[in-house]
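Biologist: I'd like a close look at one part of this protein, and then a walk outward from there. Could you keep it friendly for a first-year student?

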Amino acid sequence: MTDTILVVDDDLGIQKQLKWSFTDYDVVFADDRTSAIAQLRRHEPKVVTLDLGLPPDPANASEGLKTLEEIIALAPRTKVIVVTGNNDKVNALKAIDLGAYDFYQKPIDSDTIKLLVHRALNLFNLENENRILAKARPSMGRIIGNSESIQKVMRKAEKIAGTDISTLLQGESGTGKEVFARSIHEHSPRKDKPFIAINCASIPENLLESELFGYEKGAFTGANKTTLGKIETAQGGTLFLDEIGDMPIGLQAKMLRFLQERVIERVGGRAEIPVDIRLVCATHRDLQNMVAEETFREDLYYRIGEIPIFIPPLREREQDIILLARTFLNQYREEFGAKAKSFSEGAIQAMLAHKWPGNIRELQNKLKSAVIMAEGTVVQAEDLGLMAPRGENEPETLNLREVRERAESRAIRRAYQAADKNMSKTAELLGVTRPTLYSLIDKYHLEDIKTGV
Ligand SMILES: Nc1ncnc2c1ncn2[C@@H]1O[C@H](COP(=O)(O)OP(=O)(O)OP(=O)(O)O)[C@@H](O)[C@H]1O
């Protein structure tokens, strides 16, 4: 199906020019606010180009801005590119603040506007696809992510969820190891039994043993009554040992014995108590290395990690950054009754460029404060505590050649990520042939793409 674009402009000459520019799309027109809204309702265009100078006051942007507000209110997902008078930066920024996707200053250059529209359409389609995928989420219910790498991990987790296999979840802090552990439990036959989590790093070494195995009354000073440990509490369910790499070596031996024999002895007790649990462990440490250094038992390593799962860091899941950011934005907007509805292009670029050392947890925290701090409906890079990367709002962007170069470079990078680094798909998304794509990559020195980073 051909994509529909709405052009709102009262200048017939420009309408004609744009019609010829957008031969690949269905173009519908409107020349004032009322007809724009009628066309919007009727055709549900993905992208709108909107001249801010509309009748009855074409010399002024007020009618255009009003139209923009109505469009955003009615169809918030629509990408609106506002067209402003030459040098009318003030209104262009106002429009962005109201939720416009981008702005474009007159006079209209067909190639550039074509590129902008194409890019807006790609983004619209990508967001749409993300939304559909997020709705029809795979059965690992609470895990959000469309990137190929996370989908692979989800499929693996789904497969083992139904078994009693011990799983070792490895990944940096904040990548979602606990979320995965819970999902595995929820998709296992043990789902109606307890899920018990314990963080081996946060409990002092001398207490960890009794936390895990429980103790009998009188086992040590202060042991006033017999107390069940986490292992026993998880009876029939799943035990999640977080930061297993921090388990003291002495306790590792006791843990191994439990895993081999499936019975425990409480501290100070002599009875062997059978316990039926499924074990899921997690660590951000390099356990293999610890095994080599003899700080982690090799036999325990193999016992807990019958199937290891590696959760990739967020920076390697570029496609998920914006999806997660939008999810958190919506969640926090509701939670805090805030106004923020969308991200500025600068904010999106800044999020894509950031390395996310704290992974999803860091993204979550940044979003929470941004939603609270944002002044308008649009979250800016600064609200997130990030710097908009080069290419945003630089003064020399008025030079058309540079505008085009930057816009094309950005579109190529976007498409490359959206296409999961597949060149043929990238070319297809951009609507060019592969040789053209390669020559553009050379022309704009996008070496990182050439080397497949
Ligand atoms: N795929 C996901 N979708 C939605 N939220 C997620 C996802 N992964 C993680 N989160 C959220 O990110 C935060 C960090 O996740 P989690 O605690 O599972 O990470 P972790 O890897 O166990 O971290 P740590 O190693 O520091 O304990 C949590 O608030 C969690 O809800």
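Biologist: In which loop does Glu-294 lie?

Modeller: Keep in mind that what we have here is a predicted model. Glu-294 sits in the loop that links helix 11 (287-292) to helix 12 (298-304). Its backbone has a positive phi of about 60°, although Glu-294 is not a glycine. Is Glu-294 buried or exposed? Glu-294 has 9 C-beta neighbours inside 10 Å, so it counts as exposed; the cut-off for that class is 12 or fewer.

Now hop back along the chain to Arg-262, which also has a positive phi of about 60° and is not a glycine. You'll find Arg-262 in the loop between helix 10 (249-261) and strand 9 (263-264). Arg-262 counts as partly exposed because it has 13 C-beta neighbours inside 10 Å.

Step into helix 10 itself and you meet Met-255. Met-255 is buried, because 25 other C-beta atoms lie within 10 Å. Look for Leu-212 too: 43 residues separate it from Met-255 along the chain, yet their C-alpha atoms are 9.1 Å apart.

You can try that trick again in helix 3, where Glu-70 lies. Glu-70 has 15 other C-beta atoms within 10 Å, so it is partly exposed. Its partner for this exercise is Arg-33, 37 residues away in sequence and 8.8 Å away in space, C-alpha to C-alpha.

Just before helix 3 (62-74) comes a loop from strand 3 (47-51), and Pro-56 is found in it. The peptide bond from Pro-55 to Pro-56 is cis, with omega near 15°. There's another cis bond to find, from Lys-106 to Pro-107, with omega near 5°. Pro-107 belongs to the loop between strand 5 and helix 5 (110-135).

Strand 5 is a good place to stop and look at pairing. Strand 4 (residues 79-84) and strand 5 (residues 102-105) run parallel, joined by four bridges. Within that pair, Val-83 stands opposite Tyr-104. Add helix 4 (residues 89-98) and you get a right-handed β-α-β unit made of strand 4, helix 4 and strand 5.

Next, the inside. In soluble globular proteins, nonpolar side chains tend to be buried together. Here the largest nonpolar core has 59 residues, and Val-80, Ile-81, Val-82 and Ala-325 touch the most other members. Helix 13 (residues 318-336) is the top contributor, giving seven residues to this core. The core also takes at least three residues from each of domain 1 (1-136) and domain 3 (315-384).

Last stop, the ligand. There are 17 residues around it, and the ones that come nearest are Ile-144, Ser-173, Gly-176, Lys-177 and Glu-178. Helix 7 (177-186) and helix 15 (359-373) are the elements that each give two or more residues to this shell. Sorted by class, the shell has five nonpolar, eight polar and four charged residues. Domain 2 (148-311) and domain 3 (315-384) each supply at least three residues to the shell.

Methods. Residues are numbered from 1 along each chain as its sequence is written. This is a predicted model: local features need pLDDT of at least 70, side-chain atom pairs count only at pLDDT 80 or more; totals for chains, interfaces and linings use all residues. A residue is near a molecule or strand if its C-beta atom, placed from the backbone, lies within 6 Å of it. Ala, Val, Leu, Ile, Met, Phe, Trp, Tyr, Cys and Pro count as nonpolar, Asp, Glu, Lys and Arg as charged, and the others, Gly among them, as polar. Domain bounds come from an automatic or database domain assignment. Two strands pair if DSSP finds at least two bridges between them. A crossover is right-handed if, with the strands pointing away from the viewer, the path from the first strand over the helix to the second runs clockwise. A nonpolar core is a set of buried Ala, Val, Leu, Ile, Met, Phe, Trp, Tyr and Cys residues joined through C-beta atoms within 7 Å. A residue is buried if 20 or more other C-beta atoms lie within 10 Å of its own, exposed if 12 or fewer, and partly exposed in between; C-beta atoms are placed from the backbone.
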